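This report looks at a set of strands and then at the cysteines. Please have the sequence and the 3D view open while reading.

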Amino acid sequence: MKQRKITLALADDNNLLRQLLCKELNHDARFKVLYDVACGRDFIKQFRQQQPDIVLLDLLMPNGNGFMVLKMLEDNFPETKVLILTRQPEEPYVCEAMKYGCKGFVNKDLGYEEIIKALLVIYDG
């Protein structure tokens, strides 16, 4: 029996990182990236059309940062699971993001396997 893939959306203004993550995640039988975007405004447009199981979200992006996206998700789609993908794991960022319902943080300097572990933990609740 074929298992359902975990659907993902990725919002990060680092094009290389975003493209590499999408490529790796789409090659993993457990995941399917529905879309990837470089700014908060584009993410919101895409999200309103198609909601993934998990959002991988950078906090510092142009045209609508991650905090704006988190607030919109918390206000309108509170069941959405969000994993923050950032280079800013400092306490003020963590506290602010947790206030808006983010489920976890992954430092961009960690390896791919650590990101996978975090995605699976968040998906399983």
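How many bridges join β4 to strand β5 (residues 104-107)? The two strands run parallel and are joined by 4 bridges. Strands pair if DSSP finds at least two bridges between them. Strands (E, at least two residues) and helices (H or I, at least four) are DSSP runs, numbered from the N terminus.

This is a predicted model, in which local features need pLDDT of at least 70, side-chain atom pairs count only at pLDDT 80 or more, and totals for chains, interfaces and linings use all residues. Residues are numbered from 1 along each chain as its sequence is written, and side-chain values use heavy atoms, with hydrogens and water left out.

Strand β4 covers residues 81-86, and 5 of its 6 residues are buried. Buried means under 20% relative accessible area, exposed over 50%, and partly exposed in between (1.4 Å probe, protein chains only). Strand β3 (residues 54-57) also runs parallel to β4, with 4 bridges joining them.

| Strands | Bridge partners |
|---|---|
| β3 and β4 | Leu56 and Leu83 |
| β4 and β5 | Leu85 and Val106 |

Helix α3 (residues 66-76) forms a right-handed β-α-β unit with β3 and β4. Right-handed means that, with the strands pointing away from the viewer, the path from the first strand over the helix to the second runs clockwise.

Now the cysteines. A disulfide is counted when a pair of cysteine sulfur atoms lies within 2.5 Å, and the count here is 0. The sulfur of Cys39 is too far for a bond, because the closest cysteine sulfur, in Cys22, is 15 Å away. Cys39 is buried, at a relative accessible area of 4%, and Cys102 is buried at 5%.
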